[in-house]
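Have your viewer open and your selection tool ready. We will go from one stop to the next, picking residues and looking at what surrounds them.

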Amino acid sequence: RQMAISKQESSFDKDARPPRGRRRFFGLARGRRPSSARGYAQALDSTWDEYQSSSGNRGASRADFSDSVDFIGWYVSRAARQTGTSVNDARSQYLAYHEGPGGFSRGTWRGNSALIRTANGVASDTGRFQVQLNGCERRLKRRGIFGCSRLGCAIPVDIDRMAIRQMTVLNVTRRRIESDITEEVRLRIR
């Protein structure tokens, strides 16, 4: 899911930012950006600050892929708890990521067909990336760290390098989400 959200939000561009508004003053001055979102995860300043505080990773950077992937995992896990959605429902998780947990719960996305199509695309990409990651993990177990990129892993070359470096981060985030689910189930049983 983290890869699919990063792809949608920034096209894997660490310097991604929302486009500026229209030019003003006879086309000389550039307009303001609609938000403070930036980096792979397109995280807002306030949400990134909350993540840094919550995770204890004060040095985290939105331009660092591993930090951004961890942020997405943190945010998705938190949103799942707040909205009651499954962490395995990539479509709903993207909608909550895009609209925020409050906006998702209020249904601000319901009338936005373009956003719903985008969320469906993220869900599709999530499945594709998971299949690729699983294949890559199997190859790595058999051939070592360089087996994936050199021996035909299904991940495209530009993503392949990132995927190999970030596999550990994805697994740590996966364990964090699984731990949150286990804790949530334990609390519901009580």
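Is serine 11 buried or exposed? Select serine 11 and show its surface: serine 11 is exposed, with a relative accessible area of 57%. Here buried means under 20% relative accessible area, exposed means over 50%, and partly exposed lies in between, using a 1.4 Å probe and protein chains only.

Before moving on, note that this is a predicted model, in which local features need pLDDT of at least 70 and side-chain atom pairs count only at pLDDT 80 or more, while totals for chains, interfaces and linings use all residues. Residues are numbered from 1 along each chain as its sequence is written, and side-chain values use heavy atoms, with hydrogens and water left out.

**Stop 1: the loop after H1**

Serine 11 sits in the loop between H1 and H2. Helices are DSSP runs of H or I with at least four residues, strands are E runs of at least two, and both are numbered from the N terminus. Check the backbone of serine 11: its phi is positive, about 55°, although serine 11 is not a glycine. Most residues other than glycine have a negative phi.

Now select phenylalanine 12, found in the loop between H1 and H2 as well. Its phi is also positive, near 60°. Phenylalanine 12 is buried, with a relative accessible area of 15%.

**Stop 2: serine 6**

Step back into helix H1 (residues 2-10) and pick serine 6. Serine 6 is buried, at a relative accessible area of 1%. Not counting residues up to four places away in sequence, serine 6 touches Ser11, Phe12, Tyr40, Phe65 and Ile72; contact means heavy atoms within 4.5 Å.

**Stop 3: arginine 62**

Next, go to the loop between helix H2 (45-55) and H3, where you will find arginine 62. What does the side chain of arginine 62 reach at 2.6 Å? Turn on distances and you will find the backbone oxygen of alanine 43. A polar contact of 2.6 Å also joins the side chains of arginine 62 and aspartate 45. A polar contact is a pair of N or O atoms within 3.5 Å; within protein, one must be able to donate a hydrogen and the other to accept it, and residues adjacent in sequence count only if both atoms are side-chain atoms. Arginine 62 is buried, with a relative accessible area of 7%. Beyond four places in sequence, the residues touched by arginine 62 include Lys14, Tyr40, Trp48 and Ser68.

**Stop 4: helix H3**

Colour H3 next. H3 has 19 residues and reaches 26 Å from its first C-alpha to its last, close to the 27 Å expected at 1.5 Å a residue; the expected span is 1.5 Å times one less than the number of residues. H3 is mostly covered, with 16 of its 19 residues buried.

Within H3, select aspartate 67. Aspartate 67 is buried, with a relative accessible area of 13%. Leaving aside neighbours within four places in sequence, aspartate 67 is in contact with Trp48, Tyr51, Asn57, Gly59, Ala60 and Ser61. Measure from aspartate 67 to glutamine 52: they are 15 residues apart in sequence and 9.7 Å apart in space, C-alpha to C-alpha. As a last pick here, try glycine 84, which follows H3 and has a positive phi near 80°.
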